[in-house]
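Colleague: I would like a close look at a single part of this model, taken slowly and with its surroundings in view. Here is the entry I have in mind.

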Amino acid sequence: MQTIQSDTVVSPLQPASDISEEVLHQLAAQQKSRKKWLLVQPISNTSMMVDSGSVSMPLNLIMVATLVGKLFDVTFIDERLGNSVPEDLSGFDVVAITSRTLNATKAYRIGDAALRQGKTVILGGVHPTMLHDEAAAHCTSVVYGEIESIWTELATDVLTGKMKPIYRAKELKPMGSMIHPDFSYALTSPSAKKYSSLIPILATKGCPVGCNFCTTPTIYGKNYRYRELDLVLDEMRYHQKRLNKEKINFSFMDDNISFRPQYFMTLLEEMAKLGVHWNANISMNFLDKPEVAELAGRSGCDLLSIGFESLNPETLKSVHKGSNRLGNYETVVSNLHKNGIAIQGYFMFGFDNDTEESFQLTYDFIMKNRIEFPVFSLVTPFPGTPYFDEMKPRIRHFDWDKYDTYHYMFEPSKMSGEKLLSNFVKLQKEVYKGRSIMQRMKGKPLNWVWFVNYMMHRFTKKLSTEYYY
Ligand code: B12
Ligand code: SF4
């Protein structure tokens, strides 16, 4: 137990934002007992997620737990594993919930129940950040953006019992100060075997490309930060040691891992020495250079997720997707394929410029270029984005359970809603029918990408337009 010097006791007049880590720990040590936090990853009510039998480890909540656990007792509940929040919350002082739009309704329900029991309720994550006024009705405090940048202030207020309605950092902390996530919070759950074996990791944050439908530019602006390479590599080595094997699979949670080419290329060089496997989200500018794809393949990259979004240049322009050049699409795909890297290609439909022809163009592109894992979504204006403000008068509903990119949001100008949905269903069925899977996948390594295709085949067979309303 830490001894407390009387001259370092926090004065109530000292603004919480100015309090140092050291003083914070001393303040915590003054407490009679450690406060108890319940951290919750709520399950969404959406009917449209493909059940692959496993769920990804929630790095966001693990990072929250790692910080909170330094000062408080933590109970970690991931509802997606089948664990649910107890009705009686008397064993907890603070209930903290993470939320995206598609699970906001569920997060709010948990928040309301905890408030009724007199708990301090904290909401964080993308949706409460974007709609903090709405979220405020279901909690004591909203955390805007990442917890690391406001942690000392938030923790001090929890300790002194003087919560503010919103915690928003004046400036973002450098990523070097983000501590090594402690995975034991997730892995000690009795249902942890339902977690995918892909280990989430973070090297960079932010993406200055600035697409108008994306929340990242709103939350982080033009900011792009990265962790020192040693921190990322140490974390990889830690997992290799923990699992006692070299070849493990990492999944980068970065918005856009390649935005600083020099950092990215050095990271890849170092990963090549570690012998790990990895996948990540990436924007395509820069992948047209064969040497980048070659290094990515050599460094153990199995799959890259690329937002092709559309094959219509007008659409790309209208959403400010400056990183995408239609003329480069095929070169990028071919560079990656030559180096054994599979592609998870994202395609969106329902833009005002879309016509029935857009579906055929996309089908042809996918089949010709043998995209391994195409993901189709309906354009969804997420609250807080410039696109949401633009489309608000035309959006059909504000039922957050349906903001999963698989529901019909608004009628595009050049096509009826019915035509949009019938073509959308047809395209998915066509791309995932047995023959098409063979055409796209023949000769490719027998790994989880084949399994995903099989799952998508089963899922798309059942699809009909009603699912999307
Ligand atoms: C990696 C990623 C994925 C991965 C992994 C997701 C996972 N297991 O977590 C995959 C590919 C599976 C995925 C899928 C989808 N994703 Co996604 N994804 C991301 C991405 C790029 C990074 C998320 C991440 O982990 N970041 C790293 C962590 C550490 O940071 P963080 O999440 O911001 O968490 C910090 C803070 O938010 C805060 N915080 C978070 N929770 C809490 C809670 C409390 C109490 C506190 C105090 C603080 C706090 O502190 C955290 C630590 O710093 C985000 C973009 C983004 N920047 O958020 C989109 C994003 C979350 N995805 C999005 C979407 C739409 C989807 C899909 C619907 C796409 C699709 N059509 O399939 C699916 C839905 C999956 C699902 N069931 O939730 C949207 C969500 C928009 C919204 N308003 O909800 C985002 C924001 C991108 C966008 N378009 O703007 N995604
Ligand atoms: S490139 Fe991706 S992460 Fe970057 S702003 Fe566009 S959608 Fe968001």
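Where in the chain is the place of phenylalanine 286, and between which elements?

Modeller: The model is a predicted one, and within it phenylalanine 286 has its place in the loop between S11 and H11. What draws attention to phenylalanine 286 is its backbone, since its phi is positive, about 105 degrees, although the residue is not a glycine. Most residues other than glycine have a negative phi. Phenylalanine 286 has 17 other C-beta atoms within 10 Å, and it therefore counts as partly exposed.

Another residue of that loop is worth setting beside it. Serine 283 also lies between S11 and H11, but serine 283 is buried, because 20 other C-beta atoms lie within 10 Å and 20 is the number from which a residue is counted as buried. Leaving aside residues up to four places away in sequence, serine 283 touches Val209, Asn256, Ser258 and Ser323. Asparagine 103, by contrast, is 180 residues from serine 283 in sequence, and the two C-alpha atoms are 27 Å apart in space.

The two elements that bound this loop, strand S11 (277-282) and helix H11 (290-298), also bear on the helix H10, for both are included in what covers the buried residues of H10, as is helix H9 (229-243). Helix H10 itself runs over residues 261-274, and its 14 residues reach 20 Å from the first C-alpha to the last, close to the 20 Å expected at 1.5 Å a residue. Its buried residues are Phe264, Leu267, Leu268 and Met271, and seen down the axis of H10 they fall within an arc of 100 degrees, so they line one face of the helix. On the other side of H10 the residues Gln262, Thr266 and Lys273 are exposed. After H10 comes glycine 275, whose phi is positive as well, near 80 degrees.

Helix H9, which shares in that cover, leads to a further positive phi outside glycine. Asparagine 244 is placed in the loop between H9 and strand S10 (249-252), and its phi is near 55 degrees, a positive value in a residue other than glycine. Its surroundings are sparser in the count of neighbours, in that asparagine 244 has 7 C-beta neighbours inside 10 Å and so counts as exposed.

To set this part in the whole, the domain assignment divides the protein chain into domain 1 (6-168) and domain 2 (202-468), with the C-alpha centres of the two domains 30 Å apart. The contact between them takes 16 residues from domain 1 and 17 residues from domain 2. On the side of domain 1 that touches domain 2, the elements that give two or more residues are helix H3 (104-116) and helix H4 (126-130), and the largest share, 3 residues, comes from H4. By class, that side of domain 1 has 8 nonpolar and 8 polar residues and no charged ones.

A residue in strand S9 (residues 225-226) adds another local picture, namely arginine 225. Arginine 225 is partly exposed, with 16 other C-beta atoms within 10 Å, and, not counting residues up to four places away in sequence, it touches Leu172, Pro174, Met175, Thr204, Lys205 and Gly206.

For comparison with H10, one may look at helix H16 (residues 417-431), whose 15 residues reach 21 Å from first C-alpha to last, close to the 21 Å expected at 1.5 Å a residue. The buried residues of H16 are Leu420, Leu421, Asn423, Phe424, Leu427 and Val431, and they cover an arc of only 165 degrees around the axis, which puts them on the same side of H16. These buried residues pack against strand S13 (342-349), helix H14 (356-369), strand S14 (373-378) and helix H17 (434-441).

Taken as a whole, the protein chain has 18 helices and 14 strands, and its radius of gyration is 23 Å, close to the 23 Å that the globule rule gives for 469 residues, so the chain is as compact as a globular protein of that length. Of those 469 residues, 42% count as buried. Among contacts in the chain with a separation of 6 or more, 78% are accounted for by residues 24 or more positions apart.

Key: Residues are numbered from 1 along each chain as its sequence is written. Chains are lettered from A and ligands numbered from 1 in the order in which they are written. This is a predicted model: local features need pLDDT of at least 70, side-chain atom pairs count only at pLDDT 80 or more; totals for chains, interfaces and linings use all residues. Domain bounds come from an automatic or database domain assignment. Two residues are in contact if their C-beta atoms, placed from the backbone, lie within 7 Å. Helices (H or I, at least four residues) and strands (E, at least two) are DSSP runs, numbered from the N terminus. Ala, Val, Leu, Ile, Met, Phe, Trp, Tyr, Cys and Pro count as nonpolar, Asp, Glu, Lys and Arg as charged, and the others, Gly among them, as polar. The expected span of a helix is 1.5 Å times one less than its number of residues. A residue is buried if 20 or more other C-beta atoms lie within 10 Å of its own, exposed if 12 or fewer, and partly exposed in between; C-beta atoms are placed from the backbone. The arc is that of the directions from the helix axis to the C-beta atoms. The radius of gyration is taken over C-alpha atoms; the globule rule is 2.2 Å times the number of residues to the power 0.38.
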